[in-house]
Amino acid sequence: LRIPVLLAGMALIPAVYLLAKRLYGTVTALIAASLTAATPILVYYSVTARGYMLVALFTVLTLILNLYLIHHKNLFAWLAWIIITVLGFYTLPIMFYPFGIMITWMLILGSTGDLSIQYQKMRGLLKYLLVASICAGVLTIICYSPILLKNGILNFFNGATVVNSLSLGAFISSFPTKLGETLDNWRFRTPRAVETILIAGLFLSPFIHPGSTKPRTSLQSAALLFLSLILLAQRPNSMPRIWLWLLPLCLIFSAAGFVGLFQRLFASRITQPFIKTSLAALTVLLILGSSLWYGWQISPKPGQPYGGREVEQITRYLKDIVTPDDVIVPSSFSNAPLWYYARLLGIPNPIYRSIKSRPSYRAYVIVYPDIGDTVEKVILENGPDLVFYNLKTVTLVFTSQNAQVYRVDAFPEVVNKAYGIK
């Protein structure tokens with residue numbers, strides 16, 4: 001199950017390089033690909049049996065095809081676009097978001113005159129785009145037909161009713177929190193200095209980037225336009241990980257902003273080859289530094305516990321108090337030994353393994369303070385959605401030599417709404 005995701009994570013690196021090169025040039029492409037290879041959260045999701053990296057790969061590939069198709073009327077390329085889009089939807093329905101950006105971007109490119117003469121103006125492009133979208137939709141329905149026939153059209157998310165939209169007021173008030181959770185997810189084990197540079201480059205990219213051709217800026221415009229409209233219409237109570245596909249695009253934009261600023265500051269003083277060589281060397285250092293940082297973060301340190309008897313002690317304590325409505329959320333450094341001892345001691349599997357796919361009303365969170373764990377951090381990394389929990393109810397219930405166990409209650413109405421329970 002992990003091999004396809006691992007291969008997708010590896011393939012994402014050259015795919016990001018190709019897209020960034022078409023948009024901004026070789027230097028930006030090299031930096032963007034290096035950032036993709038070294039970003040810890042992308043590495044993390046490349047070794048988990050989840051489809052988010054597959055969606056990220058399919059997103060980048062279809063955007064590359066978008067750039068090609070806008071200038072070439074090629075049936076084989078349109079067929080590839082349809083197949084990749086269907087694979088994305090079949091992997092996860094969240095492919096709808098990048099799909100909407102693709103359509104919006106292509107329409108912007110076509111309407112601004114950046115269009116092959118082979119299409120005979122905008123009407124020709126619209127015809128091909130409409131037919132391709134219908135084919136992708138039909139094939140996606142066919143792929144999902146076994147689930148739809150068995151559970152019905154409103155019940156194919158883990159067998160639960162589709163989550164209702166939040167009210168406009170609730171969505172607006174919760175948006176800063178959800179955005180913060182997504183950014184926290186993206187900055188997973190990223191050095192603060194690198195994080196600051198990336199954010200600065202991202203904000204600079206719409207105004208300062210290498211070159212000034214239409215496709216470069218219109219992709220950001222398309223993403224902002226479509227996501228703003230669809231989020232206001234849907235008002236979803238989304239989880240941070242469903243936006244992972246957007247991170248490689250943000251890395252491309254950030255690299256473009258950084259390269260554009262560098263060229264603006266030094267283009268009149270030094271030669272272009274020197275700029276390219278300097279940025280390439282900086283990129284190599286960035287990869288090595290980030291890799292060493294991430295390796296240091298996840299490697300065992302002297303005196304730090306990684307399971308063993310301490311986790312067994314915690315598991316024996318939890319065995320006597322957990323109920324079927326509870327979940328156990330372990331730190332990343334204790335999940336494997338916890339699974340072993342929980343199974344050995346007869347704790348039901350849904351309490352400690354299937355914790356994200358079922359409703360629960362109380363969580364027991366295992367925290368290692370000496371390595372920077374907090375209740376919020378552990379839940380964000382390994383538990384159900386943080387929005388389910390009332391953090392005012394966090395209570396310390398057990399302490400061992402190096403670990404602490406906290407109990408936190410959920411908001412029942414939020415859990416029931418999310419899982420369609422009435």
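**Exercise 1.** State how many bridges join strand 2 to strand 4, and in which relative direction the two strands run.

*Solution.* Six bridges join strand 2 to strand 4, and these two strands run antiparallel. Strands here are DSSP runs of E with at least two residues, numbered from the N terminus; two of them pair if DSSP finds at least two bridges between them. One residue pair to look up is I366, whose bridge partner in strand 4 is V405.

The model is predicted, so local features need pLDDT of at least 70 and side-chain atom pairs pLDDT 80 or more, while totals for chains, interfaces and linings use all residues. Residues are numbered from 1 along each chain as its sequence is written, and side-chain values use heavy atoms, without hydrogens and water.

**Exercise 2.** Describe how strand 1 is joined to strand 2.

*Solution.* Step one: strand 1 and strand 2 (residues 362-367) run parallel and are joined by four bridges. Step two: V327 stands opposite A363, and V329 stands opposite V365. Step three: five of the six residues of strand 2 are buried (under 20% relative accessible area, 1.4 Å probe, protein chains only).

**Exercise 3.** Give the strand order of the sheet and find the strands at its edges.

*Solution.* The sheet is open, with four strands in the order 1-2-4-3 and mixed pairing. Strand 1 (326-329) and strand 3 (395-399) each have a single partner strand, so one side of each lacks a neighbour in the sheet. From one strand to the next, the twist averages 25 degrees.

Methods: Axes are lines fitted to C-alpha atoms, for helices over the stretch in contact, and angles run from 0 to 180 degrees between N-to-C directions. Buried means under 20% relative accessible area, exposed over 50%, partly exposed in between (1.4 Å probe, protein chains only).
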